[in-house]
Amino acid sequence: MNPFENALKQLDRAAAVTQIHPDTLKRMREAEREVRISIPLKRDNGTLEIFEGYRVQHSSARGPYKGGIRFHSETNMDEVRALALWMSMKCAVADIPMGGGKGGITVDPKQLSKAELERLSRGWVQRLAPVLGPRVDVPAPDVNTNSEIIGWMADEYQKITGDKTNATFTGKPLGKGGSEGRVQATGMGGFYAFDALREQLGIKEGARISIQGMGNVGGNAAKIFNEHGYTVVAMSDSKSGIVHSKGLDVAAVLAYKEKNHTLEGFPGAKKVTNEGILELPADVLIPAALENQITASNAAHINAHTILELANGPTTPEADDVLFARGIHVIPDILANAGGVIVSTFEWEQNLKGEHWSEKEVLDKLKKIMETQSRTVYERAVKLKTDLRRAAFAIALERITAALPRT
Ligand code: NAD
């Protein structure tokens, strides 16, 4: 299951339900620029290792390339290509003035010391600095990267280029140009999208939620849904999962994971596998880990009423068809997890203007965008008699078409 092939299929599937200019479709199939780099890293024991890294700049039609940097042992060019294409669509669905890009390094960061991780992060910037910049390409965190890593990267970029805007990387630490609200932005945006569509989708307040993945996105989503009165019945990380039909104490689970680096042995809960968590009975299933989790082989066993995709690419096109036929709603990634890039764009804007907005201001603006765009996508899906993903892609492709320079 190649995520880039899935992304291309999603383009075609949207084009099949509405009129999309054929030139736009052709252009969206190819990134504007793809850079593959090698990064030499001197390990703490003195040996030299070479790591492979990437930056894919998919579309600048609507603004500078924007998208996270992923550190993962399975990351490769095709994955980054898919993620970059989805970023172009996401920024267009959110109607923010950004294009799409994505980056990564093929590495298991758990195998590196902190000093090695810092040198590798800085190495990525040393290779790519010539193609980045506040008006060119503005990276952010993704899987296994966080504000500390982004802080190193922003610092390295400034050292190399002398840039004074501090607007080339977003997701920076607070106090180093970061924005209030960025850490919880993706989870919060997902909640706003869900809440805006909740009644139309027929979900009651306080419903039961299962969450796969508990990093930045899944962990914050668990907290936010719980604080809004929802019952989180299951949570998982890459190695372990737990379930409690009456609801987990989310704060206690997060504290347990922080202390023990696993969920195994969490008192009072039953174990569940990462595949099993997807099939548990729940009102809302939130995949918040990696791609290709809901596929043709398990879509028939999904036991949720609605899927809120906070991960990128968790559902394959084949699974989409099964879910649609079964009446299971999917709030698609390019809408549901746009909160991260929206608040990243607020950070970029604050840096360029030399401002610092309050958390309330940031979250109010985020809420407004998520509500407006969620309703727009829903209305389009109803009009086209199609699923929310095709509707979101259709809207994104129209907005990109309007911005594409004539060739
Ligand atoms: P993260 O590194 O903070 O956390 C990833 C989580 O997924 C961890 O809990 C990890 O244990 C878990 N995980 C890894 N492999 C897994 C597997 N095979 N099964 C189950 N769990 C697994 O990353 P994140 O920033 O939370 O990103 C999660 C997803 O959300 C990714 O798809 C990412 O692209 C997407 N996303 C992130 C942001 C953001 O702002 N960070 C924004 C939009 C979308």
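**Close-up views: cavities, ligand site and sheet**

The largest cavity holds about 40 Å³ of space. The model shown in every view is predicted.

**View A. The largest cavity and its lining residues.** Seen here are the side chains of Gln10, Arg13, Asp320, Asp387, Arg389, Arg390 and Phe393, which line the largest cavity. Five residues of this lining are charged, one is polar and one is nonpolar.

**View B. Helices at the wall of the largest cavity.** Helix H1 spans residues 3–15, and helix H13 spans 388–403. Each of these helices gives at least two residues to the lining of the largest cavity. H13 provides the largest share, with three residues.

**View C. The second largest cavity.** By the rule applied, the model has two cavities of 30 Å³ or more. The second largest contains about 30 Å³ of space. Its lining consists of Ala154, Tyr157, Gln158, Asp163, Asn166, Ala167, Thr168 and Phe169. What classes do the lining residues of the second largest cavity fall into? Four are nonpolar, three are polar and one is charged.

**View D. The shell around the ligand.** The ligand is surrounded by 22 residues. Closest to the ligand are Asp142, Asn144, Asn216, Ala289 and Asn312. Across the shell, ten residues are polar, eight are nonpolar and four are charged.

**View E. Polar atoms beside ligand oxygens.** Three residues are picked out here. Thr186 comes in with its side chain: an N or O atom there is 2.9 Å from an oxygen atom of the ligand. Gly215 takes part through its backbone, where a polar atom lies 3.1 Å from a ligand oxygen. Ser238 also uses its backbone, with an N or O atom 2.9 Å from an oxygen atom of the ligand. How much of the ligand's accessible area does the protein cover? On its own, the ligand has 830 Å² of accessible area, and the protein covers 86% of that.

**View F. An open sheet of seven strands.** Read across the sheet, the strand order is E9-E8-E7-E6-E10-E11-E12. The pairing is mixed. Which strands stand at the edges? They are E9 (270–271) and E12 (329–331). Each has a single partner strand, so one side of each lacks a neighbour in the sheet.

**View G. Strand E12 and its partner E11.** The view moves to one edge of the sheet, where E12 stands. Strand E11 covers residues 304–308. E11 and E12 run in the parallel sense and pair over three bridges. Where in E12 is the bridge partner of Ile307? Look at Val330, which is that partner.

Technical notes. Residues are numbered from 1 along each chain as its sequence is written. This is a predicted model: local features need pLDDT of at least 70, side-chain atom pairs count only at pLDDT 80 or more; totals for chains, interfaces and linings use all residues. Side-chain values use heavy atoms; hydrogens and water are left out. A residue is near a molecule or strand if one of its heavy atoms lies within 4 Å of it. A polar contact is a pair of N or O atoms within 3.5 Å; within protein, one must be able to donate a hydrogen and the other to accept it, and residues adjacent in sequence count only if both atoms are side-chain atoms. Accessible areas come from the Shrake-Rupley method with a 1.4 Å probe; for residues, only the protein chains shown count as cover. Ala, Val, Leu, Ile, Met, Phe, Trp, Tyr, Cys and Pro count as nonpolar, Asp, Glu, Lys and Arg as charged, and the others, Gly among them, as polar. Two strands pair if DSSP finds at least two bridges between them. Helices (H or I, at least four residues) and strands (E, at least two) are DSSP runs, numbered from the N terminus. On a 1 Å grid over the protein atoms alone, a cavity is a set of points where a 1.4 Å probe fits but cannot get out, and a pocket is an open set with protein on both sides within 12 Å along at least five of seven lines; lining residues have an atom within 4 Å of a point. Grid points are joined across faces, edges and corners, and a volume is the space filled by probe spheres set on the points.
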